[in-house]
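Colleague: I'm new to this one, so please take me through it in small steps. Could I see it before we start?

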Amino acid sequence: MGQKEEGDDANLQSDLPPLPDEKSGKAYAKGRNVGEPDDGTEGGRQDAAEAETPAEPAVKCRVSANISEEEAPSSSRIPKSTAKKWKKAAKVVREKSIAKNAVAKVNAKNKIGTKAEDLEGDGNVLKVLGLAVQRAFRDFGKARAARERGGEGEESGPAGVGMEGTPRTLDELEFSAEEEDEPSTYNVRQPAFVCCRVEDEEFSKVRAAFDITDRQYYAVLGLQEGRNESDLYVIGSNDASGKSSSFFFLSPDQRCILKSCTSTDVKTVMAFLKRYREYVESQRFTAENGKGLKPSSTLLPRCFGLYSFDFDDPTMPPVVMVAMTNFFGGTYEIDVKYDLKGSTHGRLASDMERSKKSPVLKDLNWMEEGRKLRFPARKEMERVQSQLERDTAFLSAEGLIDYSLLVGLHEMDESEAEAWRYDHSAEAVRVFKARSETDQTIAYYGIVDVLTPYGLRKRGETFLTGTLMCGRDVSCQPPPTYRHRFLEFCKSEILAYDEDDQEEKESEHSA
């Protein structure tokens, strides 16, 4: 230990400029003249001893050198090598500062939905449900923390953990109704309900594949201590894009989404969950520094959990919800959004969709506007293309269709472009970006809506809308056909790279 510390001090000392002696004007380092070796002679040892004893003059000398440049002798000038190291250190600090600011929050203009607490009526179904969801997540988080501390028996009841619900099993919590004649703990009176999390061990492994800890996960979605009403955001079925009747909750920081599921969605998730977990784990690759694995590189939705809620109240229907990442929970404002399937029939945003606060445009809009996801280099584009091929191969093998590439674009200003130079990986959640040096555009993108199986109903739709109507380019197609068309559209209409920049780099390399 002593030798290591001494060596560290020597390295630190070598990075500092020499301190000038007040009387002679000579610069000293470790008690000897700069350039004079410590030869172990009596004179050398005496110089070192003198330098160690009078610490005060050295301090005074450093201060005077900082105050008055005229009094500082020429030998106190900072060596070029040291100045270079200081400049490098300053750059690191600057980069870290920019990165820290970038990860602070999801851009306020990207936030969507209405706060549950602002919904009208104390008996509003979504208002009651939102509070129940957060209470359950808070208790699951507390039970998980208790187990991590070694209290294996603590999940058997709320005692000692501060839980409201009573665990029936490890994955099932029962919450009692509040007494009518007693004041409510919350602004919205809560009925009795049971929350069950489905296959959480599998989902926990999925979260780990994306470097999301259980502690982080439950903290994001759980009700914070001291709150008496839900602070989730709500998107009703009328406000959501697409034809489904699903509604959504978004976490307070909008990093996670809870989407209501149909019985078909639940069956699909349960059927492919194990293979999905194995697939996302297989997409973890070694980090650039060779130490550990990077988060899974898949562009598929990041499904983090499946939960059912059953209420002891006839006005509250049972609900099943899947938790996922919000693709648009980024630090840059999303200026325009697209949902791209690769088909052309009916793929133009309606006037009603365009009138929304945050409209989602479609394939024909993308093509008419001549959009591209333009990467700085061909290798980067091909990496994303390969990922799309792997992801869609998995979906096709599972017999799934109707998925699309969700794209959000942001045009950078000069300050944002400068921040990007120093750090373009810092986000509130991990999202994928493409950028062109020429048009200064950032793109968030990922595959969404992957829970539609190609069953009898979809087979009939393909026959009626496609075969009988002269082979229109309808969205509904068998999984292999759907995948092929989707990939071809991505290659021809979506993915591109900056050819001028690529040619310049290749010519520099050949030279």
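**Helices, strands and cores**

Colleague: At what angle do the axes of H6 and helix H7 cross?
Modeller: Helices are DSSP runs of H or I with at least four residues, strands are E runs of at least two, and both are numbered from the N terminus. The axes of H6 and H7 (residues 214-221) come within 10 Å of each other; axes are lines fitted to C-alpha atoms, for helices over the stretch in contact, and angles run from 0 to 180 degrees between N-to-C directions. The crossing angle is roughly 100°.

Colleague: Before we go on, what kind of model is this, and which atoms do the side-chain values use?
Modeller: It's a predicted model, where local features need pLDDT of at least 70, side-chain atom pairs count only at pLDDT 80 or more, and totals for chains, interfaces and linings use all residues. Residues are numbered from 1 along each chain as its sequence is written, and side-chain values leave out hydrogens and water and use heavy atoms.

Colleague: So are H6 and H7 roughly parallel or roughly perpendicular to each other?
Modeller: Under 35 degrees counts as roughly parallel, over 145 as roughly antiparallel, 65 to 115 as roughly perpendicular, and the rest as oblique. These two cross at roughly 100°. H6 and H7 are therefore roughly perpendicular.

Colleague: Which residues of H7 meet H6?
Modeller: Contact here means heavy atoms within 4.5 Å. From H6 come Asp200, Ser204 and Arg207, and on the H7 side they meet Asp214, Tyr217 and Tyr218.

Colleague: How many residues of H6 are buried?
Modeller: Buried is under 20% relative accessible area, exposed is over 50%, and partly exposed is in between (1.4 Å probe, protein chains only). The buried set is Asp200, Glu202, Phe203, Ser204, Val206, Arg207 and Ala209, and these pack against H5, S7, H7, H8 and S11. H6 is mostly covered, with a count of 7 of its 10 residues.

Colleague: Which strands stand at the edges of the 9-strand sheet?
Modeller: It's an open sheet with antiparallel pairing, in the order S4-S8-S9-S10-S12-S11-S7-S6-S5; two strands pair if DSSP finds at least two bridges between them. Each edge strand has a single partner, so one side of each is left without a neighbour in the sheet. The edge strands are S4 (114-115) and S5 (166-169).

Colleague: And what angle does H6 make with S11?
Modeller: H6 (residues 200-209) packs on the sheet, where it touches S7 and S11. Helix H8 (residues 263-282) lies across S10, S11 and S12, at about 145° to S11. For H6, the angle with the direction of S11 is about 145°.

Colleague: How many bridges join S7 to S11?
Modeller: S7 (residues 193-197) has 4 of its 5 residues buried, so the rest of the structure largely encloses it. On one side, 4 bridges join it to S6 (residues 172-175), running antiparallel, with Phe175 opposite Phe193. Towards S11 (residues 303-311), Arg197 has Tyr307 as its bridge partner, Val194 has Asp310, and the antiparallel bridges number 5.

Colleague: Is Ser308 buried or exposed?
Modeller: Ser308 sits in S11. Beyond residues up to four places away in sequence, it touches Val194, Cys195, Cys196, Val319 and Val320. Its relative accessible area is 16%, so Ser308 is buried.

Colleague: Which helix gives the most to the largest nonpolar core?
Modeller: A nonpolar core is a set of buried Ala, Val, Leu, Ile, Met, Phe, Trp, Tyr and Cys residues joined through side-chain atoms within 4.5 Å. The largest has 89 residues, and Phe249, Tyr276, Leu373 and Leu388 have the most contacts inside it. The biggest share, 10 residues, comes from helix H5 (residues 125-148).

Colleague: How many bridges pair S17 with S19?
Modeller: In S19 (residues 441-448), 8 of the 8 residues are buried. Thr441, Ala443, Tyr445 and Ile447 point one way, while Ile442, Tyr444, Gly446 and Val448 point the other. S17 (residues 404-411) pairs with S19 in the antiparallel sense, Ser404 stands opposite Val448, and the bridge count is 8.
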